[in-house]
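Biologist: Got a minute to go through this one with me? I'd like to hear the reasoning behind each label, not just the label.

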Amino acid sequence: MKKTLTINISGIIFHIDEDAFDKLNAYLDTLKSHFYNTQGKDEIISDIEGRIAELLQERITDAKQVISIDDVEEVISLMGDPVQFDSEAEGEEEAPPAAGDDVRGPKRLYRDPDHKVVGGVASGLAAYLNIDVLWVRLAFAVFTIIWLSGAMVYLILWIAMPEASSRAEKLQMKGEKVNISNIEKSITEEVSHLKDKISDLTKQAKKTVEKKNSRDENIFEQILGVFLSILKVFLKIIVIIVGIALLLAGIGLVLAFLFAIFGWGGPIILDNNEAILMPFTDFFSLLPMSTGGAAILKMGLILFLGIPLLMLIYNAFRMIFGLERVRYIGITALNLWVIGLIITLFFAFRVARDFRQPATVSKALEIHQPLNDTIYLTVNEDFLDELHYNSYDYIQGDDIHIVVTEEGLYYEQIEVDIYKSKTADYALNRITTARGRTIRAAREKAESITWNFGQNENMIVLDPYFPIGEPGGWQAQHIRLKLEVPVGKYVSLDESMEDILHWGRYSPYKLAGNTWIMTENGLRDPDEESFISPTIFRETQSSSSNMIRPIVMKIVGLVW
Amino acid sequence: MNLEKTKAQMRKGVLELCILSIIAEKDAYASDILEKLKEAKLIVVEGTLYPLLTRLKNEGMLNYRWEESKSGPPRKYYTMTEIGIKVLNDLNVNWQDLVKAVNKITLKKAS
């Protein structure tokens with residue numbers, strides 16, 4: 001049993017087997033491309049179609065109603081291969097295809113199966129661009145070494161470019177050079193085609209007027225045809241321009257994406273209310289998940305974000321070079337994208353779950369009251385120098401100031417706030433927060449934080465950072481120090497405190513490096529009457545959850 | 001291989017002359033012309049004819065009219081134009097001269 005199609009050739013209806021139809025269709029396509037640049041190609045093709053219809057009809061009898069593939073093959077061998085036409089009639093002497101100089105017709109991008117190393121993409125491109133294949137291969141190799149992008153572009157082209165299998169296609173592959181003048185040429189061809197149609201139309205119109213036995217249909221059809229041709233010219237130009245724009249955008253995005261995923265070239269900025277500066281790689285290792293999990297998440301992200309980009313580039317190529325659509329590409333891409341989406345969502349929820357519960361641990365630190373009325377705050381410079389010396393990377397956000405050392409250890413900055421004491425004594429409180437899957441896990445994490453300070457008479461020396469440990473140990477740990485200063489007493493802040501003084505409450509630039517007196521209304525410059533700002537006590541609990549929530553949202557947002 | 005090429009070259013040159021002659025004798029459509037050309041072994045594949053006919057028509061040597069056919073698609077009957085007739089005469093003279101010239105050389109050798 002065979003599937004049969006009904007087709008119309010030159011106004012005659014034929015029933016034709018599917019395989020026979022494919023064969024016939026392919027033959028007509030080679031004719032079309034052969035005569036592409038010949039004057040009157042439409043007429044030639046329709047004449048040939050007429051003859052084919054005639055020949056096919058001779059092969060139909062009452063007993064045999066359907067055109068078979070044998071019939072089609074017979075007819076095709078009668079009509080002959082387009083290359084033979086030239087050797088029998090017009091064309092110049094038949095040149096070997098290698099010379100390729102007399103090849104007419106538009107050049108098309110094909111993979112070259114005769115000179116291939118991998119898929120024939122490079123040699124096809126070289127033929128298309130009329131350059132030595134060596135340079136194309138080198139370019140692919142170099143880009144592959146640097147960014148892997150060479151391999152990716154190669155893959156897309158492999159999928160997008162058809163292989164030159166027939167001889168006509170191989171000739172087309174080598175056709176003419178592609179440069180601006182040829183693009184111009186192809187457009188002028190389109191325009192002259194248009195002119196022909198218009199002059200045909202005027203002739204037709206004259207005849208109609210003369211004879212008065214008008215064939216209105218035909219006129220309207222031709223007017224329509226002219227408009228369609230105009231539209232085609234414009235579309236062709238627009239499609240090429242859009243294609244180039246898309247291609248550039250796509251390549252830019254792919255590079256940006258690769259930088260982000262693999263952490264090349266430093267931090268990226270994501271503006272999600274606040275700007276976050278961080279390389280993705282460090283961010284991934286920060287999250288509480290196994291290396292395998294991180295690898296799978298990365299793969300998910302590559303699919304989820306990369307597939308649309310690859311499709312963008314693929315379609316841009318198709319637009320610029322007028323490549324045919326390859327079947328199943330769209331559906332395959334969609335499937336991969338959905339897989340990427342599922343992986344990404346899965347990990348996003350898993351990560352979010354590990355940050356669900358917050359916990360806060362407050363602890364009053366023992367300090368000696370200063371001998372006079374001033375307490376000095378400074379940071380442990382040795383610690384800071386050591387850390388900066390070893391630092392490899394920084395992860396910075398609104399509430400995150402993480403330093404990554406060369407050994408792969410993570411340190412988070414502490415925060416210092418100054419309050420009015422309710423008693424006559426100075427006091428120092430440490431408020432530690434962390435998040436976890438359960439409140440107990442969060443509390444354990446918060447309690448496990450080690451952080452040191454020292455006191456030397458009136459001077460309190462703070463470690464500006466505390467370790468959050470190995471990669472994957474991050475649970476949004478945070479330390480806030482509350483220094484309580486009694487009314488009428490002084491606090492002197494070293495310039496090195498600038499980085500860790502709490503943002504927003506006081507301007508740290510002004511606070512650091514100066515001495516202040518605590519009044520009923522807040523800190524004041526002893527020499528001036530102006531107040532920095534009223535000291536307001538805040539609920540530590542609410543402040544910490546206010547601080548953490550955006551981080552978790554950011555994580556989810558990032559993965560998004 | 002080269003011999004075939006030379007033969008093909010020889011046929012090529014006279015193809016237009018023959019087509020014009022066939023049409024000049026009697027208005028003809030593609031299949032008529034093909035039949036005669038194939039009989040004379042001037043062409044091998046039929047596809048060769050169509051670009052030629054179209055070119056001759058575009059150059060003003062031929063004209064055509066449509067005729068319905070009982071058994072198939074409508075037929076394009078080619079007719080000679082005045083230019084076509086002039087060209088044919090010219091080609092004919094040329095051909096006769098060529099035949100004489102060639103004969104002069106080749107027949108001598110043969111005899």
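Biologist: Why is A:Arg437 called partly exposed?

Modeller: This is a predicted model, and in it A:Arg437 has a relative accessible area of 40%. Buried would need under 20% and exposed over 50%, so at 40% A:Arg437 counts as partly exposed. A:Arg437 sits in the loop between β12 (427-436) and α15 (439-447) of chain A.

Biologist: What makes the link between A:Arg437 and A:Asp354 a polar contact?

Modeller: Their side chains are joined at 2.9 Å, and the cut-off for a pair of N or O atoms is within 3.5 Å. A:Asp354 is one of the residues that A:Arg437 touches beyond its sequence neighbours within four places, along with A:Arg353, A:Arg356 and A:Gln357. As for A:Val351, which is 86 residues away along the chain, its C-alpha atom is separated from that of A:Arg437 by 9.4 Å.

Biologist: And A:Glu366, buried or exposed?

Modeller: Exposed: its relative accessible area is 78%, and the label asks for over 50%. A:Glu366 belongs to the loop between β6 (357-365) and β7 (374-379) of chain A. From the C-alpha atom of A:Glu366 to that of A:Gln455, 89 residues apart along the chain, the separation is 9.8 Å.

Biologist: A:Gln475 is in a loop too, between β15 (465-469) and β16 of chain A. How do you know whether A:Gln475 is buried or exposed?

Modeller: Same test. A:Gln475 has 12% relative accessibility, the limit for buried is under 20%, so A:Gln475 counts as buried. Setting aside residues up to four places away in sequence, A:Gln475 touches A:Pro288, A:Asp354, A:Phe355, A:Ala434, A:Arg435, A:Gly436 and A:Lys445.

Biologist: What makes A:Asp17 count as buried?

Modeller: Its relative accessibility is 9%, against a cut-off of under 20%. A:Asp17 is part of strand β2 (residues 12-17) of chain A. Beyond four places in sequence, A:Asp17 is in contact with A:Lys2, A:Lys3, A:Thr4, A:Val66, A:Ile67 and A:Ser68.

Biologist: Why do you describe strand β11 of chain A as largely enclosed by the rest of the structure?

Modeller: β11(A) covers residues 415-420, and 5 of its 6 residues are buried, so the strand is largely enclosed.

Biologist: How do you know that β11(A) pairs with β16(A)?

Modeller: Pairing takes at least two bridges, and 6 join β11(A) to β16(A) (residues 478-485), with the two strands running parallel. One example of a bridge pair is A:Tyr419 with A:Glu484 in β16(A).

Biologist: Over to chain B. What makes β1 (28-29) and β2 (62-67) of chain B edge strands?

Modeller: Each of them pairs on one side only. The sheet is open, its 3 strands come in the order β1-β3-β2, and the pairing is antiparallel. Between β2(B) and β3(B) (residues 75-80) there are 6 bridges, where at least two would do. B:Trp66 stands opposite B:Lys76 in β3(B).

Biologist: What else does chain B contain, and in what order?

Modeller: Chain B has 4 helices and 3 strands, running α-β-α-α-β-β-α from the N terminus. Of its 111 residues, 39% count as buried. Among the contacts in chain B with a separation of 6 or more, 47% are between residues 24 or more positions apart.

Biologist: Now the interface. What makes A:Arg51 and B:Glu46 a salt bridge?

Modeller: Their side chains meet at 2.6 Å, N to O, and the limit is within 4 Å. The count between chain A and chain B is 5 salt bridges, and there are 11 residue pairs in polar contact with both residues at pLDDT 80 or more. On the side of chain A that touches chain B, the elements giving two or more residues are α2 (41-58), α3 (69-79) and α4 (82-88). α2(A) has the largest share, with 10 residues.

Biologist: Which kinds of residue make up that side of chain A?

Modeller: They divide into 10 nonpolar, 10 polar and 10 charged. Chain A and chain B each put 30 residues into the contact. The area buried between them is about 2,300 Å², with carbon and sulfur atoms giving 50%.

Conventions
Residues numbered from 1 in each chain as written. Chains lettered and ligands numbered in written order. Predicted model: local features only at pLDDT ≥ 70, side-chain atom pairs only at ≥ 80, totals over all residues. Heavy atoms only, no water. Contact = heavy atoms within 4.5 Å. Buried area = accessible area lost by both parts, 1.4 Å probe. Polar contact = N/O pair within 3.5 Å; in protein donor to acceptor, adjacent residues only side chain to side chain. Nonpolar A, V, L, I, M, F, W, Y, C, P; charged D, E, K, R; others polar. Buried < 20%, exposed > 50% of the residue type's maximum accessible area, 1.4 Å probe, protein only.
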